[in-house]
Structure formats: structure tokens, C-alpha cells
Amino acid sequence: MTSARPQIRAAITANYADLSETLRTAADYLADNQLEIATRSLRAIAAASGVSPASYTRLARAIGFTDYEALREQARMELSQRGSSFQDKARQLRNEADQPLLPRQAAACVDNIKALVDDIDPVRLEQVVDCLSKARRTVVVGALASAGFADYFAYLANWFNDRWIVAGRNGASLGGALASLTKDDCIVIVSKHPYAHRSVRAAELAAENGAKVIVLTDSHAFPGLQFADHHFIQRTESPHFFSSYAATLVLIETITGMLVARAGSEAEARIQNVDRHNRLLDELENV
């Protein structure tokens, strides 16, 4: 292929729903082990993953590559590009200080949001909203950079639904929130690279308790994805030293907006009541 090869994880995401069970197994291994793909023989990869060499050849073509060697070359190129640390990226920002960052950052965010629109399956989105709207309780988990976005998700939801909580934040025990989850509950996990161990364990424990697990992440490589009933993958490309959450914010706001629309007059009444109490508590400026 030419330099217009797709990024491997983006290609997997775009085509995952159409893959057979065998090719999905190969795709999951590929997403988690790009270093292995880039450095080991196809025979060794097949032995390690339990998937035949022919299946990897079919996978390469199914996700947009001419053959397995083109896929392997793309893995090598991405690894060389990904090798830079946060410090390296910060240094690059300093070296490019004469180039305005705003238009480059904005362009990357717009591209990420456009990719979200293209990648999201509307049927899956409706299924997730239906799951959340019927849940006895929804627990939101986010750690490291994702913590603030978990807070924002729950903040929006609590305007119209009092059954959402953020676990492991502001004195609330993560274990306490997970211990009482049942099949009638949902857990939403927001986790982007670098992945927090507690988010992976939260997904695992929630699944063991029978709760519906919904994951918002940036790659099939997120280890907690194996426990998810539903997942959405958002691009996070950015010229910044850290990933962009712009597409994730759009998804969070879309889901909460769909929940409000589905809840109808009951949601309107609660929003009005919450607003009234905020004003009584002098939390809002009267303008």
C-alpha cells in the first residue's frame, strides 16, 4: 500500500462489526500486540494467538490492507511514531513554538469528532441509551485524566436523574459502589491511554456482579474491553503532548441529551426542581 495506509486501530474499529469471530480474535490480538506483529514472524504470531496464519492474511484484507506484509509494515511505522514519551511530545511543542497551536489543535479535534460521527453505530447508541434509561442505578468510573470526564458525565445526568453516582471520588468508596451492583444496574467506564488499573478492575468486578458494562475508550487495546457489554472507541489524536477528549465530550453530551429526550416531562420537572434548589442555595448567579 502507499502512505495512505489506515491506522491499524482505527481500521480495526471501523471494520470490527463485520468481522467473523475468528477474525475478531485475531484483531484483538493485533490491537494488543503491535510490537509482536512488527517484530515476530507470522508463524510465531499464529502460535501465540491460536489463530491460523491464513486468518491474519484475511484480517489484513478485511481491514483495508493489501496483504499481511503491508499490515506488518504499518505496525512498524506506528510503533516508531508512538515511541515518543509525554516529555518528547512536550519538547516537540517547544520546538514548534513558532507555529500557532490553536488551529492545529482545533483541526485535530474536528477530525476526531468527524471520525466519531462516522464510527458510531446508531443502533448500538440507542441500545446503550435504552440500557441506561432502564437501569436501577448507574455508576460512573474514571481515573487519571478520565476522572474529570466521569464527573462531568454524572453531573449532567444528575440534572434529570438521581440514580447516577461517581465511584471512587470525593470520599465515595469505589469498592462500596461496585459491591452492590446487580444485573439491574449499569456501570460506565471512561478510560483513555495511559489506562488506569482501577478502571480495568472495576469493569471486571462489575461484570462478575452481572451489571451491564459500558466502556468509552480510545482503542481496542484497553484491557477492560473484554468485560464490556457495549463499547465506543473515540479518536484522541492531537498535536498536544496529551490526548484530546473532544470527541468523548461530544459522545457524553449526546448520550445525556438522548436520555433527557427519552425521559420526557419527568426529566423536565426534575431539571426545573434542581435549578430551583440551586438558586435557593445561592449556587447560581441571578442574572
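Me: In what order do the 5 strands of the open sheet sit?
Reply: Keep in mind that we're looking at a predicted model. The sheet is open and its pairing is parallel. Its edge strands are β2 (164-166) and β5, each pairing on one side only. Put the strands in sequence across the sheet and you get β2-β1-β3-β4-β5.

Me: By how many degrees are neighbouring strands of this sheet turned against each other on average?
Reply: The sheet here is the open one with the order β2-β1-β3-β4-β5. Ignoring direction, the average turn between its neighbouring strands is 15°.

Me: Which residue in β3 stands opposite valine 140?
Reply: Strand β1 covers residues 138-142, and β3 covers residues 186-191. The two run parallel, joined by 5 bridges. Look in β3 across from valine 140 and you'll find valine 188.

Me: Which strands does helix α13 lie across?
Reply: Helix α13 is made of residues 246-263. Its direction is at about 145° to β4. The strands it lies across are β2, β3, β4 and β5.

Me: Is serine 219 buried or exposed?
Reply: You'll find serine 219 in the loop between β4 (212-217) and β5 (230-233). The cut-off for buried is under 20% relative accessible area. Serine 219 has 2% relative accessibility, so it counts as buried.

Me: Which side chain makes a polar contact with the side chain of serine 219?
Reply: Leaving out residues up to four places away in sequence, serine 219 touches Arg9, Tyr195, Leu225 and Ile233. The polar contact between side chains is at 3.2 Å. Its partner is arginine 9.

Me: How many Å separate the C-alpha atoms of arginine 124 and phenylalanine 232?
Reply: Arginine 124 belongs to helix α9 (residues 122-134). Setting aside residues up to four places away in sequence, arginine 124 touches His230, His231 and Phe232. Along the chain, arginine 124 and phenylalanine 232 are 108 residues apart. In space, their C-alpha atoms are separated by 9.0 Å.

Me: What does arginine 124 count as, in terms of accessibility?
Reply: Buried stops at 20% and exposed starts over 50%, with another class in between. Arginine 124 has 27% relative accessibility, so it counts as partly exposed.

Me: What is phi of leucine 144 near?
Reply: Most residues other than glycine have a negative phi. Leucine 144, in the loop between β1 and α10 (147-158), has a positive one. Because its relative accessibility is 59%, leucine 144 counts as exposed. Its phi is near 50°.

Me: How far apart in space are serine 20 and leucine 59, C-alpha to C-alpha?
Reply: Serine 20 sits in the loop between α1 (8-15) and α2 (21-32). Its relative accessible area is 39%, so serine 20 is partly exposed. In sequence, serine 20 and leucine 59 are 39 residues apart. From C-alpha to C-alpha, the spacing is 9.5 Å.

Me: What percentage of the residues in the protein is buried?
Reply: Let's zoom out to the whole chain. The protein has 14 helices and 5 strands, and 287 residues in total. Its accessible surface comes to about 14,800 Å², with 52% belonging to carbon and sulfur atoms. The share of buried residues is 41%.

Me: Among contacts between residues at least 6 apart in sequence, what percentage join residues at least 24 apart?
Reply: A contact here means heavy atoms within 4.5 Å. Of the contacts between residues at least 6 apart in sequence, the share joining residues at least 24 apart is 71%.

Notes
Residues numbered from 1 in each chain as written. Predicted model: local features only at pLDDT ≥ 70, side-chain atom pairs only at ≥ 80, totals over all residues. Heavy atoms only, no water. Helix = DSSP H or I, 4+ residues; strand = E, 2+ residues; numbered from the N terminus. Buried < 20%, exposed > 50% of the residue type's maximum accessible area, 1.4 Å probe, protein only. Polar contact = N/O pair within 3.5 Å; in protein donor to acceptor, adjacent residues only side chain to side chain. Pairing = 2+ DSSP bridges. Axes fitted to C-alpha atoms, helices over the stretch in contact; angles between N-to-C directions. Areas by Shrake-Rupley, 256 points an atom, 1.4 Å probe, with all protein chains shown as cover.
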